[in-house]
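User: Could you take a close look at the empty spaces in this structure for me? I would like to know what lines them, and then what the neighbouring parts look like.

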Amino acid sequence: MDLHAADRELPSDMLGFIDAAGDLSGGAWRRAVAALRRAEQALRRMQPAYAHPVGRVRLQVPIRPRLLRDFIAFRGHIARTRASRGEKVPPEWDRIPAYYNGDAQNLLGPGETVPFPRIASLEDGVWAEAPSRKLDYELEIGYVVGTGTGGRRAGAPPSLFGVTIFNDFSARDLQSLAWRVGLGPAAGKDWANALGPCIVTRDELGELMDRRVAVRVDGTPRLRGRFEELVTENPLFEPGQRTAWPFDEIAAFLSRTQPVRAGEVWGSGTIPGGCEFEKGDAAAYLAAGDLVELEVEGVGILANPVARNA
């Protein structure tokens with residue numbers, strides 16, 4: 001449904017709508033809810049011009065965020081990746097929700113093809129270039145920020161508008177090379193991110209911990225499980241350890257250190273088990289032509305094919 005076509009007083013893009021109704025209240029929010037109710041009634045009698053059959057539309061990336069921050073908010077993920085290198089979770093992880101600023105420009109929506117990453121490095125004065133041999137998917141929650149630090153209530157932390165699925169595609173070989181320099185993983189992640197298939201507002205979402213999640217590559221399951229179990233149950237954990245940084249604590253941290261704007265997207269970090277990198281030498285990285293499907297119950301399936309030409 002095209003909300004703007006149903007009510008011309010409503011914004012025509014997602015960022016505009018979040019600016020007007022990011023806290024799920026106010027005039028724009030009430031107009032949107034009323035437009036949806038009118039559409040439900042109209043669809044019982046006819047096909048209004050602003051409503052389109054799903055099979056006749058192509059879903060685009062649901063938001064072009066003002067900033068994309070990617071956190072590493074699950075202990076299970078960092079514990080497994082460090083264990084594969086014989087290391088432990090650094091104590092600093094318990095002190096701050098660490099993140100880096102991601103690429104908010106090279107965004108893909110549902111069904112869009114992921115370009116195969118290439119690695120270039122200077123070897124003996126000559127540029128050597130080759131396709132990545134460790135292309136990885138990452139199943140993450142994309143938190144969509146509804147109000148920033150300058151929101152309607154003075155001093156209030158940023159609020160959650162809703163969630164989407166975030167596939168933080170990674171060239172692990174380039175990422176590992178960049179890590180040795182000491183400036184983070186971004187070189188292995190700056191070529192493609194995927195968001196979708198939609199944004200589910202927080203009032204419709206329910207309890208995320210109860211939802212089932214899955215990863216499939218060419219129809220073969222790579223991960224299946226309940227969100228809470230994947231996040232909280234891990235043989236590498238010790239009793240009483242923090243298992244995750246939830247949205248509210250991330251928001252509290254950021255609001256104490258810097259401005260936050262409505263319309264940002266925050267990647268949760270990889271849901272434990274939601275990538276190949278955690279498997280170490282047993283990793284089965286993506287190949288040209290693979291179809292990657294990330295699923296979160298209640299949000300949908302984000303499917304992206306990998307380009308056939310590496």
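Analyst: Happy to: here is a walk through the cavity, the two largest pockets, and some residues and elements that go with them. Please keep in mind that this is a predicted model.

Let's begin with the enclosed space. The structure holds one cavity of 30 Å³ or more, and the volume of the largest cavity is about 30 Å³. Its lining is made up of Leu68, Asp70, Tyr100, Gly102, Asp103, Phe166, Asp168, Lys189 and Asn193. Sorted by class, four of the lining residues are charged, three are nonpolar and two are polar.

Asn193 is a good residue to stop at, as one of those that line the cavity. Asn193 sits in strand β10, and with a relative accessible area of 2% it is buried. That value is well explained by the cut-off, because buried means under 20% relative accessible area. A polar atom of the Asn193 side chain lies 2.8 Å from the backbone oxygen of Asp103, and Asp103 is itself among the residues lining the cavity. Setting aside residues up to four places away in sequence, Asn193 touches Leu68, Asp103, Asn106, Leu107, Leu108, Phe166, Asn167 and Asp168. Of these contacts, Leu68, Asp103, Phe166 and Asp168 also appear in the cavity lining.

Strand β10 has another feature to look at. Gly196 and Pro197 are joined by a cis peptide bond, with omega at about 0°, and Pro197 lies in this strand too.

The same strand takes us to the open spaces. The largest pocket has a volume of about 1600 Å³. It is lined by 31 residues, and those nearest its centre are Met1, Asp2, Leu3, Met14 and Leu59. By class, the lining has 20 nonpolar, five polar and six charged residues. At least two lining residues come from each of α1 (3-6), α2 (14-21), α3 (26-43), β10 (193-201) and α6 (202-205). The largest share is that of β10, which supplies five residues.

Helix α2, one of the elements that contribute to this pocket, rewards a closer look. A side-chain oxygen of Asp13 reaches to within 3.2 Å of the backbone nitrogen of Leu15 at the start of α2. Leu15 is buried, and so are Phe17, Ile18 and Ala21 of the helix. These four lie on the same side of α2, because they cover an arc of only 160° around the axis. The general geometry of helices is helpful background here: an α-helix has 3.6 residues a turn, so residues three or four places apart point the same way. The cover over the buried residues of α2 includes α3, β7 (139-147) and β8 (159-167). Of these, α3 is also among the elements that supply residues to the lining of the largest pocket.

Next comes the second largest pocket, with a volume of about 520 Å³. Its lining counts 27 residues, of which Ile72, Ile78, Tyr100, Trp179 and Pro185 lie nearest the centre. Two or more lining residues come from each of β1 (68-71), α4 (75-83), β2 (99-101) and α5 (172-179). With four residues, α4 gives the most. The class count for this lining is 12 nonpolar, six polar and nine charged residues. Tyr100 gives a link back to the enclosed space, since this residue also lines the cavity.

To finish, here are two loop residues with backbone angles to check. Asp124 is found in the loop between β4 (118-123) and β5 (126-131). Although not a glycine, Asp124 has a positive phi of about 55°. Its relative accessible area of 83% makes Asp124 exposed, as exposed means over 50%.

Asp218 belongs to the loop between β11 (212-217) and β12 (220-226). Here too phi is positive in a residue other than glycine, with a value near 50°. Asp218 is partly exposed, because its relative accessible area is 47%. Along the chain, Asp218 and Asp290 are 72 residues apart, yet their C-alpha atoms are separated by 5.9 Å. Leaving out neighbours within four places in sequence, Asp218 is in contact with Gly289, Asp290 and Leu291.

Terms used:
Residues are numbered from 1 along each chain as its sequence is written. This is a predicted model: local features need pLDDT of at least 70, side-chain atom pairs count only at pLDDT 80 or more; totals for chains, interfaces and linings use all residues. Side-chain values use heavy atoms; hydrogens and water are left out. On a 1 Å grid over the protein atoms alone, a cavity is a set of points where a 1.4 Å probe fits but cannot get out, and a pocket is an open set with protein on both sides within 12 Å along at least five of seven lines; lining residues have an atom within 4 Å of a point. Grid points are joined across faces, edges and corners, and a volume is the space filled by probe spheres set on the points. Ala, Val, Leu, Ile, Met, Phe, Trp, Tyr, Cys and Pro count as nonpolar, Asp, Glu, Lys and Arg as charged, and the others, Gly among them, as polar. Buried means under 20% relative accessible area, exposed over 50%, partly exposed in between (1.4 Å probe, protein chains only). The arc is that of the directions from the helix axis to the C-beta atoms. Contact means heavy atoms within 4.5 Å. A polar contact is a pair of N or O atoms within 3.5 Å; within protein, one must be able to donate a hydrogen and the other to accept it, and residues adjacent in sequence count only if both atoms are side-chain atoms.
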